[in-house]
Amino acid sequence: VRYISNHSSGKMGYAIAQAARTMGADVTLVSGPVNISPPANIKLIGVTSAQEMHDAVMHDIQQQDIFIACAAVADFRLADIPTHKVKKKDGMLTLSFEQNPDILKAVAAQASPPFTLGFAAETNDVETYAKAKLERKKLNMIAANDVSLSGLGFNSDRNALTVITKNNKISLPAASKYALAIELLKLLSSEY
Ligand code: C5P
């Protein structure tokens, strides 16, 4: 009846899954609820919460060479999920949240992690925040996008990315999410 979620269409992640498959990869796509059909010939695992996504990822991760984290995972979840509809009442409504696991951080912190590519959606100081995230989460690569630019990113079929590694920074100009996914994976394979 009521929900709290992060804003994301899933289009970038699905474009990457499709591009990776086209480029010859065996793809496992762990996805929250979206309104797009999955690419053919991939393994799809559907989840509805960050905890389920974490468990599905961790279950399969030892068999993966590359982990790409494109989902807009909620950092917090309700501490108690009501079993009945929350009714309107006068005054304030107070909800308590507890932290969700950081899936990407958990993958990168493993003893022998796969190559990790994370995403950073930012509205300001995009490169600074992305670089900090790359270092804090111990990633191999991060793709940053400025979600304040109109017509790009959220729910759009187009996006633009700045791809950052420890020693490199490459801008991928605005293009369809599929075309960007191909370019992104070419960059990834040159770093892998
Ligand atoms: O939320 P944040 O901006 O730090 O997300 C950066 C990266 O971390 C993204 O690739 C996202 O998919 C991943 N992430 C995650 N688990 C979370 C939060 C974010 O894997 N709980």
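Is Lys-186 buried, partly exposed or exposed, and what is its relative accessible area? Lys-186 is partly exposed, at a relative accessible area of 44%. The model described here is a predicted one. This report takes Lys-186 and its partner first, then the other salt bridges, the ligand site, a surface patch and some single residues.

## Salt bridges

The structure holds 7 salt bridges. One of them joins the side chains of Lys-186 and Glu-183, with 3.3 Å from N to O. Both residues belong to helix H5, which covers residues 177–191. They are 3 residues apart, about one turn of the helix. Glu-183, like its partner, is partly exposed: its relative accessible area is 35%, and that of Lys-186 is 44%.

Another salt bridge is formed by Glu-98 and Arg-77, whose closest N and O atoms are 3.0 Å apart. This pair links distant parts of the chain, with Glu-98 in strand S5 and Arg-77 in strand S4, 21 residues apart. Glu-98 has a relative accessible area of 33% and is partly exposed. Arg-77 is also partly exposed, with a value of 29%.

A further salt bridge brings together the side chains of Lys-137 and Asp-102, at 2.7 Å from N to O. Here too the pair links distant parts of the chain, 35 residues apart. Lys-137 lies in the loop between helix H4 (126–136) and strand S7 (141–146), and Asp-102 in the loop between S5 and H3. Lys-137 counts as buried because its relative accessibility is 16%, and buried means under 20%. Asp-102, at 30%, counts as partly exposed.

The three salt bridges named above are set out here.

| Salt bridge | N to O distance |
|---|---|
| Lys-186 and Glu-183 | 3.3 Å |
| Glu-98 and Arg-77 | 3.0 Å |
| Lys-137 and Asp-102 | 2.7 Å |

## The ligand site

Lys-137 and Asp-102 also appear among the residues that surround the ligand. The remainder of that shell is made up of Ala-69, Ala-71, Val-73, Asp-75, Pro-101, Ile-103, Leu-104, Gly-118, Phe-119 and Lys-133. By residue type, the shell divides into 7 nonpolar, 1 polar and 4 charged.

Which backbone atoms approach the ligand? A backbone N or O atom of Pro-101 lies 3.0 Å from a nitrogen atom of the ligand. For Ile-103, a backbone N or O atom is likewise placed 3.0 Å from a ligand nitrogen atom. A polar backbone atom of Phe-119 is 2.8 Å from an oxygen atom of the ligand. On its own the ligand has 450 Å² of accessible area, and the protein covers 86% of this. Helix H3 (103–108) and strand S6 (115–122) are the elements that give two or more residues to the shell.

## A nonpolar surface patch

Which residues form the nonpolar patch on the surface? They are Ile-4, Phe-76, Leu-93, Leu-95 and Phe-97, and together they have about 510 Å² of accessible area.

Two of these residues can be placed in strands. Phe-76 is in strand S4, residues 76–78, and Phe-97 is in strand S5, residues 97–99. Strands S4 and S5 also hold the salt-bridge partners Arg-77 and Glu-98. Phe-76 is partly exposed, with a relative accessible area of 48%. Phe-97 is partly exposed as well, with 40%. Both can belong to the patch because patch residues need over 30% relative accessible area.

Phe-76 is also a reference point for distance along the chain and in space. Phe-76 and Leu-44 are 32 residues apart in sequence, and their C-alpha atoms are 25 Å apart.

## Other residues

Where is Asn-159, and is it buried or exposed? Asn-159 is in strand S8, which runs over residues 158–164. Its relative accessibility is 3%, so it counts as buried, the limit being under 20%. The side chain of Asn-159 is joined to that of Asn-145 by a polar contact of 3.4 Å.

Ala-25 sits in the loop between helix H1 (11–22) and strand S1 (28–31). With a relative accessible area of 29%, Ala-25 is partly exposed. Ala-25 and Ala-175 are 150 residues apart in sequence. From C-alpha to C-alpha, Ala-25 and Ala-175 are 23 Å apart in space.

Conventions
Residues numbered from 1 in each chain as written. Predicted model: local features only at pLDDT ≥ 70, side-chain atom pairs only at ≥ 80, totals over all residues. Heavy atoms only, no water. Near = heavy atom within 4 Å. Polar contact = N/O pair within 3.5 Å; in protein donor to acceptor, adjacent residues only side chain to side chain. Areas by Shrake-Rupley, 256 points an atom, 1.4 Å probe, with all protein chains shown as cover. Helix = DSSP H or I, 4+ residues; strand = E, 2+ residues; numbered from the N terminus. Nonpolar A, V, L, I, M, F, W, Y, C, P; charged D, E, K, R; others polar. Patch = residues over 30% accessible without salt bridge, like charges linked within 9 Å, V, L, I, M, F, W, Y side chains within 5 Å. Salt bridge = Lys/Arg side-chain N within 4 Å of Asp/Glu carboxyl O. Buried < 20%, exposed > 50% of the residue type's maximum accessible area, 1.4 Å probe, protein only.
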